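Visitor: I am new to reading protein models, and I would like to learn how the words used for them are justified. Could you show me one and let me ask about each term?

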Amino acid sequence: MTTATAEADLTILVIDGDPDRAAVVERGLVEAGWLRVSVIGPSVNLLQRVQALGPDVIIIDLENPDRDTLEQMFQVSRAVRRPIAMFVDQSDSAMIRGAVEAGVSAYVVDGLRQERIKPIVEMAISRFNAFDRLIRERDEAQARLADRKLIERAKGLLMKNRGLAEEEAYTLMRRTAMKQNRKLSDIAQSVITAFEMEF
């Protein structure tokens, strides 16, 4: 599947309380090749509706957002990890800061024109993917570090309590992990738990 085909298959959700403005956004998306577009208005159960629809990309279009509406939109962007482009007619530094903290990928002030929708959506997707990749890499690095700490601690316990050399302790855990078809860090956690129960 080419990138163009993959992009055309995206499901895009437009959240807009103004049907005329929503029609402009929808037209811009369809002309750009995105045919799976849904439009809903802001509502009290917005988050549940968004989660039920499960869009790939979310476009939030707010003419003059009040604090409650903005907070609801930020709640959606924090809960639903998707590329989000937000169009607003008016903004201030607190709104911009709130949007960034909530994970909005593209925040556009006074920029809702049909011809700008495609590049803005593409930028939102690209920024989201780059940020998401950084988060995954950070999480994987943290998990590896936590695993290493567990293994070192379990090795230390085996060396102290069983009189094993460092290499022997590691080999014993590795062999056990292979025999039980489990991760080395899981075996290390079991070793730690077993020694903690003894004392």
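Guide: What follows is a conversation in which each term is set against its definition.

Guide: This is a predicted model, in which local features need pLDDT of at least 70 and side-chain atom pairs count only at pLDDT 80 or more, while totals for chains, interfaces and linings use all residues. Residues are numbered from 1 along each chain as its sequence is written, and side-chain values use heavy atoms, with hydrogens and water left out.

Visitor: What makes Thr-11 count as buried?

Guide: Buried means under 20% relative accessible area, exposed means over 50%, and partly exposed is in between, with a 1.4 Å probe and protein chains only. Thr-11 has a relative accessible area of 16%, and therefore it is called buried. Its place is in strand 1, residues 11-16, where strands (E, at least two residues) and helices (H or I, at least four) are DSSP runs numbered from the N terminus.

Visitor: Why is the link between the side chains of Thr-11 and Arg-36 called a polar contact?

Guide: A polar contact is a pair of N or O atoms within 3.5 Å; within protein, one must be able to donate a hydrogen and the other to accept it, and residues adjacent in sequence count only if both atoms are side-chain atoms. The side chains of Thr-11 and Arg-36 are joined at 2.9 Å. Another polar contact, of 2.3 Å, joins the side chains of Asp-61 and Arg-21.

Visitor: Asp-61 is in strand 3; is it buried or exposed?

Guide: With a relative accessible area of 1%, Asp-61 is buried.

Visitor: Which of these words fits Thr-171, and which fits Asn-181?

Guide: Thr-171, found in helix 7 (residues 166-180), has 25% relative accessibility and so counts as partly exposed. A polar atom of its side chain lies 2.7 Å from the backbone oxygen of Glu-167. Asn-181 lies in the loop between helix 7 and helix 8 (184-198), and its relative accessible area of 71% is why it is called exposed. Asn-181 also has a positive phi of about 55 degrees although it is not a glycine.

Visitor: How do you know that the length of helix 6 agrees with what is expected?

Guide: The expected span of a helix is 1.5 Å times one less than its number of residues. Helix 6 has 49 residues (114-162), so it should span 72 Å, and its end C-alpha atoms are 71 Å apart, which agrees. Among the buried residues of helix 6 are Ile-117, Val-121, Ala-124 and Phe-128, and just after this helix Gly-163 takes a positive phi of about 65 degrees.

Visitor: What makes a group of residues a nonpolar core?

Guide: A nonpolar core is a set of buried Ala, Val, Leu, Ile, Met, Phe, Trp, Tyr and Cys residues joined through side-chain atoms within 4.5 Å. In the largest one, which has 21 residues, Ile-15, Val-50, Ile-58, Ile-60 and Met-86 touch the most other members. Helix 4 gives the most to this core, with four residues. A second, separate core of 18 residues includes Ile-12, Val-37, Ile-117 and Val-121. In soluble globular proteins, nonpolar side chains tend to be buried together.

Visitor: How do you know that Ile-84 is buried, and what does it touch?

Guide: Ile-84, in strand 4, has 0% relative accessibility and therefore counts as buried. Contact means heavy atoms within 4.5 Å, and, not counting residues up to four places away in sequence, Ile-84 touches residues including Ile-58, Ile-60, Val-104 and Ala-124. Ile-84 and Ala-124 are 40 residues apart in sequence and 6.3 Å apart in space, C-alpha to C-alpha.

Visitor: What can be said of Val-14 in the same terms?

Guide: Val-14, in strand 1, is called buried because its relative accessible area is 0%. Leaving aside neighbours within four places in sequence, its contacts include Val-25, Leu-29, Val-37 and Ile-59. Another of its contacts is Ile-40, which is 26 residues from Val-14 in sequence and 6.3 Å from it in space, C-alpha to C-alpha.
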